[in-house]
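Work through the following exercises with the sequence and the model side by side. Each task is followed by a solution that goes step by step.

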Amino acid sequence: MSLELIEKRLSFGGEQCKYRHYSEVLQCDMTFSIYLPSNKDEKKIPLIWWLSGLTCTDDNFSQKSGFQRLAEKYQVAVMIPDTSPRGEHVADDEAWDLGQGAGFYLNATQDPWAKHYHMYTYIVNELTAIASTLVPNFSGQESIMGHSMGGHGALVIGMKNKERFKAISAFSPILSPSRVPWGKKAFSTYLGEDQASWKEWDSSELIKEVGMPPIHITQGTEDNFYPEQLDETYFLQNAKENNEVNYEKVEGYDHSYFFIASFLEDHFAFHVKYLR
């Protein structure tokens with residue numbers, strides 16, 4: 001498999017890189033971004049995954065959040081996938097919350113989506129193999145975080161691979177997709193009408209299993225999607241057996257990258273605590 005380096009820029013001493021490659025899993029060309037810290041002391045470097053929200057690409061987090069300062073401070077690599085398969089031959093929808101830019105980090109089973117929409121396998125297998133070749137002195141330690149739809153993805157991927165990911169965090173995540181409009185629309189389209197199959201991709205169902213990694217969630221009270229799309233009630237009810245779940249509301253913050261940037265250092269410190 002060949003990787004094409006599209007961009008490489010210095011940021012806080014480390015390298016912010018953007019690559020293009022052909023995905024065998026998704027059957028299309030894909031881009032992703034990765035930050036590699038300077039590692040002047042030649043130590044083992046852990047990896048944090050960031051999953052973005054609806055309509056985003058890998059550029060949103062890398063260009064808007066300022067995370068590079070923290071990644072360099074803590075000497076961690078950060079991998080940022082795109083949010084869906086892409087291309088003229090890839091199924092799409094006119095709505096912004098379905099199709100390209102809205103892959104929901106699952107493996108679709110319904111046509112025409114089943115041909116390309118396998119973001120879960122793409123991240124957990126294919127992109128993971130690539131990441132391991134790009135991070136110098138990779139420690140093998142990983143954690144995962146995300147925003148909104150990406151918060152949903154981080155929770156689902158982290159909990160379905162609980163032996164692999166040391167910690168999970170999320171900003172404004174879709175916690176109960178089977179119960180809210182965004183999730184119902186996506187799940188019925190990608191997975192079909194049998195709601196029993198939805199449970200595999202719903203963090204409120206997955207959290208019932210004990211022994212999950214530590215989880216940290218931050219939600220703004222002035223988020224215009226809260227609580228309709230982002231209600232926490234059912235998730236927290238089912239998380240009672242998991243003492244490692246911390247859910248915090250912050251007064252006055254919305255759904256934007258201003259909110260993410262405000263609390264990103266808290267999330268990085270949380271991850272580093274379990275990665276070291």
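**Exercise 1: a charged pair across the chain**

Find the charged partner of Asp97 and describe where the two residues sit.

Solution. Asp97 and Lys185 join their side chains in a salt bridge, with 2.8 Å from N to O; the term stands for a side-chain nitrogen of Lys or Arg within 4 Å of a carboxyl oxygen of Asp or Glu. The two residues are 88 residues apart and link distant parts of the chain, since Asp97 belongs to the loop between β5 (77-81) and α3 (119-134), while Lys185 belongs to helix α5 (residues 181-190). Helices (H or I, at least four residues) and strands (E, at least two) are DSSP runs, numbered from the N terminus. Asp97 is buried because its relative accessible area is 11%, and Lys185 is partly exposed because its value is 31%; buried means under 20% relative accessible area, exposed over 50%, and partly exposed in between, with a 1.4 Å probe and protein chains only.

Before going on, note that this is a predicted model, in which local features need pLDDT of at least 70 and side-chain atom pairs count only at pLDDT 80 or more, whereas totals for chains, interfaces and linings use all residues. Residues are numbered from 1 along each chain as its sequence is written, and side-chain values use heavy atoms, with hydrogens and water left out.

**Exercise 2: the surroundings of Lys18**

Describe the salt bridge of Lys18 and Asp58, and then the strand pairing around β2.

Solution. The side chains of Lys18 and Asp58 form a salt bridge of 2.7 Å, N to O. This pair also links distant parts of the chain, 40 residues apart, with Lys18 in strand β2 (residues 14-23) and Asp58 in helix α1 (residues 58-64). Both Lys18 and Asp58 are buried, and together with Asp59 they are linked in a network of salt bridges. Turning to the strand itself, 7 of the 10 residues of β2 are buried. On one side β2 pairs in the antiparallel sense with strand β1 (residues 3-11) over 8 bridges, where pairing requires that DSSP finds at least two bridges between two strands. β2 also pairs in the antiparallel sense with strand β3 (residues 28-36), over 9 bridges, and Lys18 stands opposite Ser33 in β3. The hairpin of β2 and β3 has 4 residues between the strands, and Gln27 in its turn has a positive phi of about 60 degrees.

**Exercise 3: cysteines**

How many disulfides does a search of the whole structure find?

Solution. The search finds 0 disulfides, a disulfide being a pair of cysteine sulfur atoms within 2.5 Å. Cys28 is in no disulfide, and the nearest cysteine sulfur, that of Cys56, is 18 Å away. Cys28 counts as buried because its relative accessibility is 1%, and Cys56 counts as buried because its relative accessibility is 8%.

**Exercise 4: the nonpolar interior**

Which residues of the largest nonpolar core touch the most other members?

Solution. In this core of 66 residues, they are Ile34, Trp49, Phe104, Ile157 and Tyr190; a nonpolar core is a set of buried Ala, Val, Leu, Ile, Met, Phe, Trp, Tyr and Cys residues joined through side-chain atoms within 4.5 Å. Helix α3 gives the most to this core, with 9 residues. A second, separate core of 22 residues includes Tyr74, Ile80, Phe263 and Leu275.
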